[in-house]
Amino acid sequence: IGTWGRRGEVGARGLAGRNGRNGTNGAEGMASPPVGDVRAFGGNMVNSDEFCNFPFSHNGQTYTRCTTSDHDVPWCWVDAAQTRWGECDLLIEAQGGNTEGSNATCSFPFRHEGVTYTQCTDVEQAPGQEGLWCHTDAAGETYGLCNQAVAGGTSAAGDVCTTPCTTNYSPRPWCYSAEDKSRWGICLFREKRGDGSWIWV
């Protein structure tokens with residue numbers, strides 16, 4: 001038997017094959033947080049301002065809802081240039097006082113003795129009254145005790161704020177949750193949307 005011959009040259013490249021079949025579509029992603037009309041007030045707003053301007057940026061982060069960053073209560077920019085801001089309308093339930101029914105909510109902002117409030121206050125409304133309260137009607141004729149939610153810290157289950165929320169000593173708004181100030185917790189806010197819905201801030 002003779003020896004093997006020399007290996008031949010590599011042939012020309014063949015034609016490209018057919019495209020493969022397309023894969024199936026992936027699952028639909030989660031819905032983004034609702035971006036609806038959120039009423040704002042106070043701050044340095046002008047008469048033409050009424051609602052938050054979403055999305056907005058603050059300290060390098062983009063927000064599609066109000067934020068408590070650097071503030072005692074939720075706030076937002078109200079213009080595209082981010083030069084004017086306001087505090088956001090909140091959904092806080094109220095009971096007792098001279099409010100009738102169990103579905104009352106605070107009506108922000110409200111005025112009391114010449115001062116405008118954008119969150120519940122502990123300024124005395126009636127002799128001997130304790131705790132946070134708010135007006136529950138735009139006319140300022142009815143009021144109730146606030147059920148401002150609180151969690152964490154040393155708060156107990158079922159606690160609500162007994163003092164206004166503040167960022168003193170903390171980057172996140174907090175409040176005392178006991179009349180004797182023996183317990184405290186982080187304030188939990190519900191931002192009220194124009195369509196009647198709400199979302200945690």
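## Arg190, its surroundings and two small sheets

Arg190 is found in strand E14, which covers residues 190–192. The structure shown here is a predicted model, and every value quoted below was computed from that model. With a relative accessibility of 16%, Arg190 counts as buried, because the cut-off for that class is under 20%. Leaving out residues up to four places away in sequence, Arg190 touches Asp89, Leu90, Leu91 and Glu93, and it also touches Trp198, Ile199 and Trp200.

One of those contacts, Asp89, leads on to the charged pairs of the model. The structure holds seven salt bridges, and in one of them the side chains of Arg39 and Asp89 meet, with an N to O distance of 3.1 Å. This pair links distant parts of the chain, since Arg39 belongs to the segment before strand E1 (40–41) while Asp89 sits in the loop between strand E5 (85–88) and E6, 50 residues apart. How do the two partners stand with respect to the surface, buried or partly exposed? Arg39 is partly exposed, with a relative accessible area of 32%, whereas Asp89, at 5% relative accessibility, counts as buried. The pair also belongs to a wider arrangement, in that Arg39, Asp89 and Lys192 are linked in a network of salt bridges. Lys192 lies in the residue range 190–192 of strand E14, the strand in which Arg190 is found.

A further charged group is centred on Arg84. Asp49 forms a salt bridge with Arg84, and the closest N and O atoms of the two are 2.7 Å apart. Asp49 lies in the loop between E1 and strand E2 (56–58), and Arg84 lies in the loop between strand E4 (75–77) and E5, so this salt bridge ties together parts that are 35 residues apart in sequence. Arg84 also meets the side chain of Asp79 in a salt bridge, here with an N to O distance of 3.7 Å. As for accessibility, Asp49 is buried, with a relative accessible area of 13%, and Asp79 counts as buried as well, at 8% relative accessibility. Arg84, by contrast, counts as partly exposed at 23%.

His71 offers another view of how separate parts of the chain meet. His71 is found in the loop between strand E3 (61–63) and E4, and at 18% relative accessibility it counts as buried. Which residues is His71 in contact with, once its neighbours within four places in sequence are left aside? They are Trp85, Glu87, Thr167 and Pro173. In the backbone, the C-alpha atoms of His71 and Pro171 are separated by 8.4 Å, although these two residues are 100 residues apart along the chain.

The strands can now be followed into their sheets. Strands of a sheet pair through backbone hydrogen bonds, either parallel or antiparallel. Three strands of this model form an open sheet in the order E6-E10-E9, and the pairing is antiparallel. Strand E6 (94–95) and strand E9 (133–135) stand at the edges of this sheet, each with a single partner strand, so one side of each is left without a neighbour in the sheet. E6 pairs with strand E10 (residues 143–146) in the antiparallel sense over two bridges, and the bridge partner of Gln95 in E10 is Leu145.

A second open sheet of three strands has the order E11-E13-E12, again with antiparallel pairing. Here the edges are taken by strand E11 (150–151) and strand E12 (174–176), and because each has a single partner strand, one side of each is left without a neighbour in the sheet. Two bridges join E11 to strand E13 (residues 184–187), the two strands running antiparallel, and in E13 the bridge partner of Ala151 is Ile186. On the other side of the order, E12 and E13 pair in the antiparallel sense over three bridges, with Gly185 of E13 as the bridge partner of Cys175.

How values were computed. Residues numbered from 1 in each chain as written. Predicted model: local features only at pLDDT ≥ 70, side-chain atom pairs only at ≥ 80, totals over all residues. Heavy atoms only, no water. Pairing = 2+ DSSP bridges. Helix = DSSP H or I, 4+ residues; strand = E, 2+ residues; numbered from the N terminus. Buried < 20%, exposed > 50% of the residue type's maximum accessible area, 1.4 Å probe, protein only. Contact = heavy atoms within 4.5 Å. Salt bridge = Lys/Arg side-chain N within 4 Å of Asp/Glu carboxyl O.
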